[in-house]
Amino acid sequence: MKVVVTGGSGKVGRAVVRDLLEHGHDVLNVDRTAPDPARSPPGAPFLPADLTDFGQTLEALSGGELMPGVEAVVHLAAIPSPVHATPDVVFSTNIRSTHTVFAAAARLGLARVVWASSETTLGTPFRTPPQYTPVDERHPLRPESSYALSKVLGEEMARQFARWSEVPFVGLRFSNV
């Protein structure tokens, strides 16, 4: 399968790129930051892109000249917390990039979208303990940061785009990577 990994130069991105390559997939790393050769697996071409720009995102998810015929996207690109930028920049960047990736994937008719949500949608691990345990899919969402709020809204965007496009969207709530 031909897979674009957004944020492929980041911590989770490097691991996903490595795993996909080890399982025989063709992978294109799309990120604002070039991969560190000492920490990144060889074998995945790199395409720099600003994923808040729909045109660049559409081109990246089509594979461009580097990997035409993309079938799926793993969307991991995000500003991970207000420690890395101001809360408004975290929120606006994450919302815009998630929307452009989802819209481009739907327009291109990709076979699957896998993307990173977060346990922070539930209020954990920061200020708010869960209302009950074990936590399940029905647990109320209680975002406590601009990052968490961007992930909550991303989950709703994924539901909407899945309804509109019939492209399967798989969201993974990662825990404190």
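**Pockets, a cavity and helix α3**

In the second largest pocket, the largest share of the lining, 4 residues, comes from β6. I should say at once that what we are looking at is a predicted model, and I will stay with this pocket for a moment before turning to the others.

The second largest pocket has a volume of about 160 Å³, and the elements that give two or more residues to its lining are β5, α4 and β6, the last of these running over 169-174. Residue by residue, the lining consists of Trp 115, Ser 117, Glu 137, Glu 155, Ala 158, Arg 159, Phe 169, Val 170, Gly 171 and Arg 173. Sorted by class, the lining of the second largest pocket comes to 4 nonpolar, 2 polar and 4 charged residues.

Now to the largest pocket, for which the computed volume is about 1,000 Å³. Its lining is made up of 38 residues, and those that lie nearest the centre are Leu 76, Ala 78, Ile 79, Pro 80 and Tyr 147. Two or more residues of that lining are given by each of α1 (11-22), α3 (87-108), β5 (112-118) and α4 (146-165). As for the character of the lining of the largest pocket, 16 residues are nonpolar, 16 are polar and 6 are charged.

Next, the enclosed space: how many cavities of 30 Å³ or more does the structure hold? There is 1, and the volume of the largest cavity is about 30 Å³. The residues that line the largest cavity are His 75, Leu 76, Ala 77, Thr 98, Trp 115, Ala 116 and Lys 151, which by class gives 4 nonpolar, 2 polar and 1 charged. You will notice Leu 76 in this cavity lining as well as among the residues nearest the centre of the largest pocket, while Trp 115 lines both the largest cavity and the second largest pocket.

Finally, let me take up α3, since Thr 98, one of the cavity-lining residues, is also one of the buried residues of that helix. The other buried positions of α3 include Val 90, Asn 94, Ile 95, Val 101 and Phe 102, together with Ala 103, Ala 104 and Ala 105. Among the elements that cover the buried residues of α3 are β1 (2-6), α2 (54-62), β4 (72-75), β5, α4 and β6. On its geometry, because a helix is expected to advance 1.5 Å a residue, the 22 residues of α3 should span 32 Å, and the end C-alpha atoms are indeed 32 Å apart, which agrees. After α3 comes Gly 109, with a positive phi near 65°.

Notes:
Residues are numbered from 1 along each chain as its sequence is written. This is a predicted model: local features need pLDDT of at least 70, side-chain atom pairs count only at pLDDT 80 or more; totals for chains, interfaces and linings use all residues. Side-chain values use heavy atoms; hydrogens and water are left out. On a 1 Å grid over the protein atoms alone, a cavity is a set of points where a 1.4 Å probe fits but cannot get out, and a pocket is an open set with protein on both sides within 12 Å along at least five of seven lines; lining residues have an atom within 4 Å of a point. Grid points are joined across faces, edges and corners, and a volume is the space filled by probe spheres set on the points. Ala, Val, Leu, Ile, Met, Phe, Trp, Tyr, Cys and Pro count as nonpolar, Asp, Glu, Lys and Arg as charged, and the others, Gly among them, as polar. The expected span of a helix is 1.5 Å times one less than its number of residues. Buried means under 20% relative accessible area, exposed over 50%, partly exposed in between (1.4 Å probe, protein chains only). Contact means heavy atoms within 4.5 Å.
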